[in-house]
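Trainee: I've just opened this one and I'm not sure how to read it. Could you walk me through it, feature by feature?

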Amino acid sequence: MLNRRSHLLAGAALAFTLAAGAALAATDLLDEVKQRGTLRVAVEGTYPPFNFRDAQGQLTGFDVEIATAIAGKLGVKPVFTTTEWSGILAGLQAGKYDVIVNQVAATDARRQTFDFSGPYVSSSAQLIVRANETRPMATLADLKGKRIGVGQGSNYADLARGIEGAEVKVYPGAPEYLQDLATGRIDAALNDSLLIPYLTQTSKLPLKAGAPIGPSTSNAIPFRKGNPKFQAAIDQALADLKANGSFEKISTKWFARDVSKPLTAAK
């Protein structure tokens, strides 16, 4: 009788443990975030103007302000973790934070591991030209015979090489090709449309944004799979921020335009 009772008690304990584990596994990330009172956000912290530390050492930038606004819509406080890009997705998979707000492209390969919010940022390759440029450079055909500067090893170098009749000059980085552009050694440069306002403002050179080139790509917010309530809440927060003008206000502050809307690419 004692052995039978022990078996019954052991079986009941096992059943309770399994039920508790199933309940825990079924807990949506939204419930965890609400109970904790914080949204744990990962950013690089070294990627201006998206996320970086200002002169006072405070974390700032477009991503930081958007993440803070999303947390506010969820009724919680943001807690930021800075980490290198090379390990940021692995950290999310390991549960070190709830979301990454760091311009993550929602690729098919990444969707195998993570769920994503709806797209909230659209970017494309875009030209940079001199402020007094009057020659037409609105289409790919306009670039025939033009000298285009690009950063070494960038996607834009390959894109520029595919422009028929263009002469491509490769530079170590943006400062070098922007200087050559300002002095007339090249006719245009090519970079990400989201970075160009920041580059032209901080370079203090007489430059301006030109026409976008190629198709637009979208970035979204990744999080652990299997959290439908959390996904719906993040999407609703983004929708609310766009509807009340907050998203556009933050975007215009950092990029001089609404980055949720794609530019019209040159043809």
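Mentor: Sure, and keep in mind that this is a predicted model. Let's begin with strand pairing, where residues on neighbouring strands stand across from each other as bridge partners. Phe 52 has Thr 60 as its bridge partner in S4.

Trainee: Which strand is joined to S4, and by how many bridges?

Mentor: That's strand S3, residues 51–53, and two bridges join S3 to S4. The two strands run antiparallel.

Trainee: What is the strand order in the sheet that holds S3 and S4?

Mentor: The order is S2-S3-S4, an open sheet of three strands with antiparallel pairing. Its edges are strand S2 (46–47) and strand S4 (59–60), each of which pairs on one side only.

Trainee: Now strand S9: which strands does S9 pair with?

Mentor: S9 pairs with strand S13 (residues 207–220) in the antiparallel sense, over eight bridges. S9 also pairs with S12, again antiparallel, over four bridges. You can see both pairings at Ala 125: Ile 213 in S13 stands opposite Ala 125, and in S12 the bridge partner of Ala 125 is Asp 192.

Trainee: Is S9 mostly covered or mostly open?

Mentor: Here you look at relative accessible area, and under 20% counts as buried. Strand S9 spans residues 121–130, and 10 of its 10 residues are buried, so the strand is mostly covered.

Trainee: Which strands pair in the parallel sense?

Mentor: Look at S10 and strand S11 (residues 167–171), which pair in the parallel sense over five bridges. Within that pairing, Gly 151 stands opposite Tyr 171 in S11. To get from S10 to S11, the chain crosses through helix H6 (residues 155–161), and this β-α-β crossover is right-handed.

Trainee: Let's turn to charges. How many salt bridges does the structure hold?

Mentor: The idea is to look for a side-chain nitrogen of Lys or Arg within 4 Å of a carboxyl oxygen of Asp or Glu. The structure holds 12 salt bridges. One of them joins Glu 65 and Lys 253, with the closest N and O atoms 2.6 Å apart.

Trainee: Why does the pair of Glu 65 and Lys 253 tie together parts that are far along the sequence?

Mentor: Because Glu 65 sits in helix H3 (residues 62–74) while Lys 253 sits in helix H10 (residues 246–255), the pair ties together parts that are 188 residues apart in sequence. As for accessibility, Glu 65 is partly exposed at 21%, whereas Lys 253 counts as exposed at 53%.

Trainee: Which residues are linked in a network of salt bridges?

Mentor: The network links Arg 130, Glu 133, Arg 135, Arg 147 and Asp 187. Take Arg 147 and Asp 187: the closest N and O atoms in their salt bridge are 3.2 Å apart. This pair links distant parts of the chain, 40 residues apart, with Arg 147 in strand S10 (residues 147–151) and Asp 187 in the loop between helix H7 (174–182) and strand S12 (188–192).

Trainee: And which of those two is buried?

Mentor: Asp 187 counts as buried, at 6% relative accessibility, while Arg 147 is partly exposed at 26%. In the same network, Arg 135 forms a salt bridge with Glu 133, and their closest N and O atoms are 2.8 Å apart. Glu 133 is buried at 14%, and Arg 135 is partly exposed at 35%.

Definitions and conventions: Residues are numbered from 1 along each chain as its sequence is written. This is a predicted model: local features need pLDDT of at least 70, side-chain atom pairs count only at pLDDT 80 or more; totals for chains, interfaces and linings use all residues. Side-chain values use heavy atoms; hydrogens and water are left out. Buried means under 20% relative accessible area, exposed over 50%, partly exposed in between (1.4 Å probe, protein chains only). Two strands pair if DSSP finds at least two bridges between them. A crossover is right-handed if, with the strands pointing away from the viewer, the path from the first strand over the helix to the second runs clockwise.
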